[in-house]
Structures are given as structure tokens and as C-alpha cells.
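Reader: Before I work with these coordinates, I would like to see how each descriptive term is justified. Could we go through the terms one by one?

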Protein chains: 2
Amino acid sequence: MVGDCVAELAKLPDASVDLVFADPPYNLQLEGALTRPDQSLVDAVDDDWDKFASFEAYDHFTRAWLLSCRRVMKPNATLWVIGSYHNIFRVGAILQDLGFWILNDVVWRKANPMPNFRGRRFTNAHETMIWATKGPDAKGYTFHYDALKAGNEDLQVRSDWYLPLCTGGERLKDGDGKKLHPTQKPEALLARIMMSSSNPGDVVLDPFFGSGTTGAVARRFGRSFIGVERERAYADAALARIAAVEPLPADALLAPPEKRSEPRIPFMSVVEAGLLAPGAVLCDERRRFEAVVRADGSLAMGKLIGSIHKMGALAQGLPACNGWTFWHTASKAGLEPIDALRKTLRATMPAA
Amino acid sequence: MVGDCVAELAKLPDASVDLVFADPPYNLQLEGALTRPDQSLVDAVDDDWDKFASFEAYDHFTRAWLLSCRRVMKPNATLWVIGSYHNIFRVGAILQDLGFWILNDVVWRKANPMPNFRGRRFTNAHETMIWATKGPDAKGYTFHYDALKAGNEDLQVRSDWYLPLCTGGERLKDGDGKKLHPTQKPEALLARIMMSSSNPGDVVLDPFFGSGTTGAVARRFGRSFIGVERERAYADAALARIAAVEPLPADALLAPPEKRSEPRIPFMSVVEAGLLAPGAVLCDERRRFEAVVRADGSLAMGKLIGSIHKMGALAQGLPACNGWTFWHTASKAGLEPIDALRKTLRATMPAA
DNA sequence: TTAGCAAATGAATCTGCCA
DNA sequence: ATGGCAGATTCATTTGCTA
């Protein structure tokens with residue numbers, strides 16, 4: 001359906017939807033342009049649909065679409081909303097005010113987020129999703145606990161999901177080869193949501209359809225969908241995209257588990273874990289160089305301070321160095337590379 | 001201080017605190033007892049201090065303590081709040097309503113979370129922290145970007161942190177060997193917070209002091225602290241715990257100077273110091289462009305004259321450029337950025 | 001054809017000092 | 001307050017060009 005989501009949802013009957021996925025405007029409040037260190041311009045989300053006059057206006061908008069969704073949800077339906085720190089707290093509070101019952105908040109950890117170019121904050125590397133029922137009494141909602149666990153090496157699926165951004169061939173392009181939609185979500189994200197909390201044949205509603213990821217995944221996994229989108233151009237592209245999707249055979253509907261690569265361990269974590277105390281002295285294999293461990297996970301050689309890798313390189317006068325194998329701890333048993341401490345830590349961190 | 005946090009904070013002067021860490025009651029809504037699959041009872045948080053009659057009551061409480069903290073915060077102070085999906089959305093929305101400016105939301109991914117015993121939800125494996133300034137104009141907040149990066153494999157630190165729960169010897173016990181406090185936070189979590197966003201000597205305020213993790217970490221890392229706790233038993237245990245903490249030596253604590261705060265060197269000084277003679281020729285790394293050093297510290301490319309930055313930008317056709325890293329001097333050893341000359345000059349200057 | 005290197009890019013509330 | 005300007009700042013991937 002093309003049009004405003006509140007107006008369009010009014011045309012649907014009560015209690016007709018099994019699952020809602022909503023990716024509303026985030027209400028980013030951007031001032032001025034942002035450039036990368038190479039002076040190129042960051043392509044920001046500056047569309048009109050993401051502009052609100054005030055928090056109050058955004059809250060009003062949020063309450064309206066949430067109420068519309070609530071009416072068309074079946075009693076045991078669930079709703080997913082995705083957002084960032086700009087909007088998700090407001091959305092969550094309003095959800096609760098309207099009587100929704102939060103089951104989980106789930107964090108999408110981005111494998112390849114955009115860095116913080118100015119170095120003034122932590123890399124904004126995740127978005128938050130809220131999963132909720134209509135109320136505390138809706139105990140009969142769909143959740144494929146056993147299937148998810150079986151697909152996750154027999155471990156319960158956690159509330160933090162690690163997935164790449166939507167890029168490459170999956171990303172829809174316009175005629176000029178530019179991205180069609182500024183915030184297209186990866187299909188893998190929608191796949192996890194639908195596989196966990198809906199059944200084949202269910203009706204899935206997306207009130208902010210955009211480039212139609214929800215529809216594409218619904219079709220592939222044998223769900224029906226209703227999408228509402230205000231912009232005709234997005235809606236047209238979404239329908240064309242969905243038409244090209246090949247539905248999966250009914251017996252192949254559980255996604256295989258993703259493979260994990262070895263977790264990266266920051267040297268900071270070794271200090272935090274108590275495997276090395278701040279002030280401890282490291283040396284190289286031939287005891288030519290010494291460096292002192294600092295509380296923040298950096299190393300000091302005299303007044304020079306840097307990472308284990310930087311300081312190893314500096315000591316040897318080389319352009320680069322693997323600090324894990326260069327630096328050693330001394331004990332009565334002899335020298336031991338700090339890589340051994342990393343191995344110890346990895347053994348205790350199964351899911352990093 | 002022992003007592004209600006709003007009443008106790010009223011005794012503090014305005015603008016006297018550099019950092020706030022708050023771990024407020026979560027407003028958990030548990031109906032009936034929760035049992036594990038083996039029917040043993042889960043020791044959930046059901047203390048009186050975690051009970052609120054309604055969302056309105058919780059919001060009122062939240063607004064009150066946030067306002068109290070806001071008053072005692074210095075203009076460039078920052079505030080961290082931790083919570084779960086039960087309360088964090090309300091806290092975040094109220095923060096924004098009160099004018100706080102969110103810098104990041106940071107996710108604490110628990111290495112060893114409690115499983116979901118009923119198998120009806122995802123394992124609740126994270127908690128959310130919000131990091132905020134008093135307002136959008138507070139640009140001078142403390143953030144040790146370079147130090148954090150050095151301790152993290154030379155990569156920016158992301159907004160998702162992977163840390164174990166507070167267990168084992170770190171967990172405070174009461175006389176019966178039971179855990180003293182239901183939500184004791186790990187010291188590693190507070191350590192990251194304080195190392196990233198405070199300096200030695202800073203005043204750290206914790207309005208919900210509990211078992212005193214904030215105080216213990218503050219003492220170890222050379223920060224002052226103010227803790228407010230309503231329950232005498234917790235406060236007593238916290239003080240005993242903190243008294244046993246061994247402060248780290250000062251030289252393991254000082255963050256390395258952030259690049260952006262190093263003393264400025266006018267390019268003219270490099271010429272004045274004789275490190276570059278007027279008339280010397282500079283070029284870029286690929287020898288595409290050349291410029292001549294002038295006696296007044298400007299550069300000339302043909303008839304065009306300007307600062308090292310202006311001329312670097314002009315040469316590349318970019319809006320801006322860091323001339324210190326763009327321009328190089330040529331010698332038999334090869335090209336060297338003029339930033340090396342600046343480093344030489346800085347080393348000869350008296351410490352600030 | 002392929003390997004290697006350069007360029008592009010993703011929901012971003014992204015500087016600080018001095019005149 | 002505001003303007004001007006020095007100068008500090010990026011990670012994981014994919015695409016595309018060149019040898």
C-alpha cells in the first residue's frame with residue numbers, strides 16, 4: 001500500500017496480523033556536513049521524512065503508528081521495532097505506556113559499522129531492536145526456541161546478534177548506481193526475526209516498507225506480508241525486488257548457523273581480566289627492550305606511550321610489529337609471550 | 001553518604017562533579033517466583049527498593065534523581081546510566097527531555113549471562129548504558145580517544161563491550177556466604193568507564209552506591225568519589241571494601257596526552273628555529289606538487305601564497321588539508337613529513 | 001584471467017581556539 | 001555570540017581499475 005501508514009492501516013481489519021516489523025524514522029538531528037579524514041563527504045540521512053520539529057512531535061508520531069499497529073495485531077502477535085539511541089528510548093517508553101509488554105531488547109552488532117571520524121565518541125557499532133507483545137497476558141506468542149537453539153550449536157540464542165550491513169549486490173541501486181534507500185536493512189536481520197517469531201503462512205506487517213526487505217524475506221520464507229510506504233518510488237522498487245525472489249521449498253526454512261571466526265582480544269581485556277597488573281614490566285625475547293603495562297591497556301617505554309604493536313615496532317625501529325608475540329612476561333619458569341595470556345582469555349570467552 | 005540520593009545530593013554545591021555513574025533500580029516486574037528447570041529457586045531482584053507502583057512513579061523518581069545529578073555536574077561533566085529493557089527506555093527518554101545530550105549508548109555484552117530458564121525468550125545477555133553530556137554545547141567533555149585506541153589493537157573502541165559478570169572473589173558476600181547485593185557490577189566495567197571519560201583527581205559521583213564498585217575503582221585509579229546509598233548495610237560493606245583497595249601508582253594512570261591537546265606550533269617557529277631555511281622546497285608524498293618555504297612561515301606555489309594547510313588543500317583541490325602531514329622534505333634518506341620537524345621542536349620545548 | 005592496488009561507502013546527533 | 005582558521009580524524013568491505 002502506498003500512503004501514510006496510519007491512514008493505510010485504518011483500512012485493515014482488527015486483529016489480522018501475526019507479526020509487525022517496524023523501522024521508523026530515527027529522528028537524527030544532524031547539523032552541518034561531516035567529512036572523512038580524506039575530506040570526502042559522508043552521505044548523511046537528510047531526507048524530509050526524518051525531520052521532526054521536536055521530541056514532542058516525534059512522540060506524537062510514534063504513538064499514532066504504534067496504536068495503529070496495535071489495533072491490527074492478533075492477540076498473540078508480536079511487534080519488532082528497530083532504532084538507534086536517537087529514538088529508541090522514546091519508542092520503548094511509549095510502547096510501555098501503550099500497554100505493550102517487552103519480551104527482549106535485541107542488539108544488532110554491526111560487523112562493519114561506519115567509524116567515528118572525529119574521534120570524539122565510541123564507534124556507534126550497533127542498533128537496538130525491541131520485541132514486544134500486546135500485553136503481559138499474551139503468553140501464546142510464537143517463539144521457535146528449540147529450532148533456534150538447534151541452529152546455534154545447541155546454545156540458547158542471545159540478545160546480541162552479529163551481522164554485516166546491507167552492502168554489495170543486496171543493496172538496491174537507482175539508475176545512477178547510487179543507493180536507492182538510505183537505510184536498507186540486511187535480509188539476514190529480517191530472516192532471524194521471522195524465523196524466530198513467526199510461522200509459514202503468517203501475515204507480516206511492515207508500516208515503513210522502504211526498499212521492501214521485509215517483503216523479500218517474507219516471500220522467501222513462505223510468509224504473507226503487508227507493506228505500507230509513503231514514497232511511490234520506494235514502493236515500486238520494492239515490488240520489483242520482491243517479484244524476483246524465489247520462495248524456498250517448505251522443508252528448508254531454518255537457516256544454518258553462521259560460522260564464527262576467532263574473537264579479537266584487545267590487550268586492554270588482558271589487563272582488565274587481571275592476567276597482567278598495571279605496572280607490570282614486559283620485555284622482548286632477548287631482554288633488549290622493556291616496557292611498562294598501563295591501566296588503559298597501553299604500553300610505556302619511558303615517556304613514549306602506545307599500543308603493544310606500536311611500541312614493539314618503535315623498539316625495533318620497524319614499521320610494524322605483532323605485539324602479542326614480541327612482548328614477554330618474565331617468571332621463574334622463564335620468558336613467556338603475552339600471546340599465551342590471550343589464549344588463556346580466549347578459552348574463557350566462548351562467544352566473543 | 002547514607003540516605004536518599006535526592007536529599008543527600010542537595011547538600012553538594014553546584015557544578016562540583018566531573019563524572020556521574022548511576023545504576024538505578026531497574027523496576028523489574030516479576031510475577032511470582034522464577035524456577036530453574038531443576039525446580040531450584042532463582043534468587044531474583046525483589047528487594048523493596050526495586051518496587052514501584054507504576055511507570056508514572058518510576059518516571060517521577062527518575063526525573064528527580066537526574067535533576068539532582070544535573071545540578072551538581074560541571075558544565076563539561078558526563079553521566080553514565082546503566083539499565084535493562086525494563087527501565088532504560090524510560091530513563092533515556094527522560095534524559096533527553098531534561099536536555100541531556102546522548103553521546104553513545106554502549107552495550108555491555110555479558111560473557112556469562114543467566115540463561116532464560118523458561119525457553120520463551122532470547123537469553124537476556126546484555127545491559128545498556130547511556131553516556132551523555134549536560135547538553136549539545138558541552139563539547140569539552142573528557143574522552144581519552146588515543147589511549148583507548150592504543151589499548152584496543154589500534155582500533156577505535158566500539159559501542160559494544162564484552163565483559164564477564166561480577167562473580168567469584170570479586171563478589172561481596174554477607175555473613176552467610178550469600179551475595180551481599182543483587183546487582184553488583186564488575187569492576188572491569190567501571191574501569192573502562194573511568195579510564196575513558198575521566199582523569200586522575202576527578203570527582204566521580206555514584207548516586208546509587210550499593211556495594212561500592214564505583215568507589216573501589218575510583219580509589220584504585222586515583223579518582224575521588226562521592227557515593228550515596230540508602231541502606232546502611234550496603235554503605236558499611238562498601239566502605240570496608242574500598243579501604244582494602246590498593247591505589248595504583250600514578251605513572252600507570254596518566255593518560256598519554258591526546259594529540260589534539262598538544263601545544264600548537266606555528267609553522268613559522270620551525271623556520272625561526274632553523275629546522276627549515278627560507279627558500280627550501282617541500283613536496284607531497286608522491287612528488288606531484290612542490291612549494292617553497294618563505295621567511296614568514298608561509299608557502300608559495302608559483303604566485304600563490306598561503307599557510308601550509310591552505311596550500312596543501314589548494315594543491316589537491318580539497319576543502320581542507322593538514323599541511324603537517326601533507327608536505328615533506330627531501331633528503332638522501334628519502335621523504336620525511338614536516339610533522340617530524342614539529343615533533344623535534346616540541347621535544348625541545350619545556351613541558352607544559 | 002588474475003593479482004594487486006586504489007577508491008568508494010555505510011542511519012553520524014563527530015573540533016577547538018582565538019580574535 | 002560569531003567568524004575565521006589551524007589542524008586532527010576511519011574500519012570493514014566491496015567495487016573497479018591497472019598491470
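Reader: How many residues of chain B are in contact with chain A, and what makes them count as being in contact?

Author: In this predicted model, 74 residues of chain B are in contact with 77 residues of chain A, where contact requires heavy atoms within 4.5 Å. The two chains bury about 6,700 Å² between them, with 52% of that area on carbon and sulfur atoms. On the side of chain B, the residues that lose the most area to chain A are B:Phe89, B:Phe122 and B:Glu153, which together make up 14% of what that side buries.

Reader: Why is the pairing of A:Arg90 with B:Asp97 called a salt bridge?

Author: The side chains of A:Arg90 and B:Asp97 meet at 2.6 Å, N to O, and the cut-off for a salt bridge is 4 Å, so the pair qualifies. Across the interface of chain B and chain A, the rule finds six salt bridges.

Reader: What makes α5(B) oblique to α6(B)?

Author: Helix α5 (residues 187-197) of chain B packs against helix α6 (residues 213-220) of chain B at an angle of about 55°, with the axes 9 Å apart. That angle makes α5(B) oblique to α6(B), because it is neither under 35 degrees nor over 145, and does not lie in the range of 65 to 115. The crossing of α5(B) past α6(B) is right-handed.

Reader: Which residues of α5(B) meet α6(B), and of what class are the residues in this contact?

Author: From α5(B), B:Glu187, B:Leu190, B:Ala191 and B:Met194 take part, and they meet residues of α6(B) including B:Thr213, B:Val217 and B:Arg220. By class, this contact has six nonpolar, two polar and two charged residues.

Terms used
Residues numbered from 1 in each chain as written. Chains lettered and ligands numbered in written order. Predicted model: local features only at pLDDT ≥ 70, side-chain atom pairs only at ≥ 80, totals over all residues. Heavy atoms only, no water. Axes fitted to C-alpha atoms, helices over the stretch in contact; angles between N-to-C directions. Helix = DSSP H or I, 4+ residues; strand = E, 2+ residues; numbered from the N terminus. Left-handed = near helix turned anticlockwise from the far one by under 90°. Nonpolar A, V, L, I, M, F, W, Y, C, P; charged D, E, K, R; others polar. Buried area = accessible area lost by both parts, 1.4 Å probe.
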